[in-house]
Amino acid sequence: MIERTVDRRTRKSKKALRDALLELMEEKEFESITITDLVNRADVNRGTFYKYYVYKEDLIKEVQDKIIEDLRRAYKIPYKGLTYYKQEEVTERKKPFLFHHIYEHRKFYHLVLNSTDLYEFQRIFCETISEVHINDLLYFMEHPKIEKKFFSIYQCYGIFGLLVEWDKSNYSYSPEYMTEQHNQILLFDHPSLKFKVNYGPNVKK
């Protein structure tokens, strides 16, 4: 019982520090955030900070590691229980776990897209999804002309593009709506559709 209480207190203190860091990063550059800023915003004492971390960089790394861990989990859930699959079998499940993940951590993702301090995480985000694709979801891909790595990169940067636009809208669309849009894009049958350009053959480009 005592151990459970300590664990709960630890989780609460660390979450308060993580939340404080993200709030402060919306207000100023990471370099100018001090330990005093963090403990004051989190309403904990300095001893609590140093109990878990040595530097503020340790705290931001923990934030990123937790986001990545949750991203991996969320992205793989719709494929649970499948061995071989077609895309429509996955999209029919309509499980918005990926976009729920982004929405839940939208404050962090907004910083990723708008703060130079977390710019590197854009690459980590795409590489993580690509790695899950290659190692877990595309072990076998039935297409003789498409390389898995290119297919994977195309998919993950498409997701990143949706994230960018969602952030621009201040996350005004629901995770369910974003999931439906993503699903319909994945099922989009390019060869069977006609498109019209916005200029005629005699118009200068």
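Asp19 and Lys15 both lie in helix H1, where four residues, or about one turn of the helix, separate them. The exercises below start from this pair and then move to other parts of the chain. The model is a predicted one, in which local features need pLDDT of at least 70 and side-chain atom pairs count only at pLDDT 80 or more, whereas totals for chains, interfaces and linings use all residues. Residues are numbered from 1 along each chain as its sequence is written, and side-chain values use heavy atoms, with hydrogens and water left out.

**Exercise 1. The helices**

Work out how many helices and how many strands the chain has.

Solution. Begin with the rule, by which helices (H or I, at least four residues) and strands (E, at least two) are DSSP runs, numbered from the N terminus. Under this rule the chain comes to 10 helices and zero strands. Read from the N terminus on, the elements therefore give the order α-α-α-α-α-α-α-α-α-α.

**Exercise 2. Salt bridges within one helix**

Determine what joins the side chains of Asp19 and Lys15, and what joins those of Glu127 and Arg123.

Solution. Side chains of opposite charge can pair when their charged atoms come close. The term needed here is the salt bridge, which is a side-chain nitrogen of Lys or Arg within 4 Å of a carboxyl oxygen of Asp or Glu. For Asp19 and Lys15, the distance from N to O is 2.7 Å, and the two side chains meet in a salt bridge. The next step is exposure, for which buried means under 20% relative accessible area, exposed over 50%, and partly exposed in between (1.4 Å probe, protein chains only). Asp19, with a relative accessible area of 32%, is partly exposed, and Lys15 is also partly exposed, at 44%.

Glu127 and Arg123 form a salt bridge as well, with their closest N and O atoms 2.6 Å apart. Both lie in helix H8 (residues 120-137), four residues apart, which is about one turn of the helix. Glu127 is partly exposed at 43% relative accessibility, and Arg123 is partly exposed at 36%.

**Exercise 3. A salt bridge between two elements**

Which parts does the salt bridge of Glu27 and Arg41 tie together?

Solution. First, the closest N and O atoms of Glu27 and Arg41 are 3.0 Å apart in this salt bridge. Second, Glu27 lies in the loop between H1 and H2, while Arg41 lies in helix H2, so the pair ties together parts that are 14 residues apart in sequence. Third, Glu27 is exposed, at 52% relative accessibility, whereas Arg41 is partly exposed, with a relative accessible area of 34%. To widen the view, Lys14, Arg18 and Glu62 are linked in a network of salt bridges, and by the same rule the count comes to 13 salt bridges.

**Exercise 4. Helix H2 and what follows**

Find which residues of helix H2 (residues 35-42) are buried, and whether Asp43 is buried or exposed.

Solution. The buried residues in helix H2 are Ile35, Leu38, Val39 and Ala42. They lie on the same side of H2, because they cover an arc of only 90° around the axis, the arc being that of the directions from the helix axis to the C-beta atoms. Just after H2 comes Asp43, which takes a positive phi of about 60°, and this residue is other than glycine. Asp43 has its place in the loop between H2 and helix H3 (46-52) and is exposed, with a relative accessible area of 71%.

Tyr171, too, has a positive phi, of about 55°, although it is not a glycine. Tyr171 sits in the loop between helix H9 (148-168) and helix H10 (175-186), and at 7% relative accessibility Tyr171 is buried. Across the 205 residues in the chain, buried residues make up 37%.

**Exercise 5. A positive surface patch**

Identify which residues form the positive surface patch, and which helix gives the most to it.

Solution. Patches are made of residues with over 30% relative accessible area and no salt bridge, with like charges joined within 9 Å and nonpolar side chains (Val, Leu, Ile, Met, Phe, Trp, Tyr) within 5 Å. Accessible areas come from the Shrake-Rupley method with a 1.4 Å probe, and for residues only the protein chains shown count as cover. Lys and Arg count as positive and Asp and Glu as negative, while His and the chain ends are not counted. The place of a charge is taken as NZ of Lys, CZ of Arg, CG of Asp or CD of Glu. By these rules, Arg8, Arg9, Arg11 and Lys51 form the positive patch. Helix H1 (residues 2-25) gives the most to this patch, with three residues.
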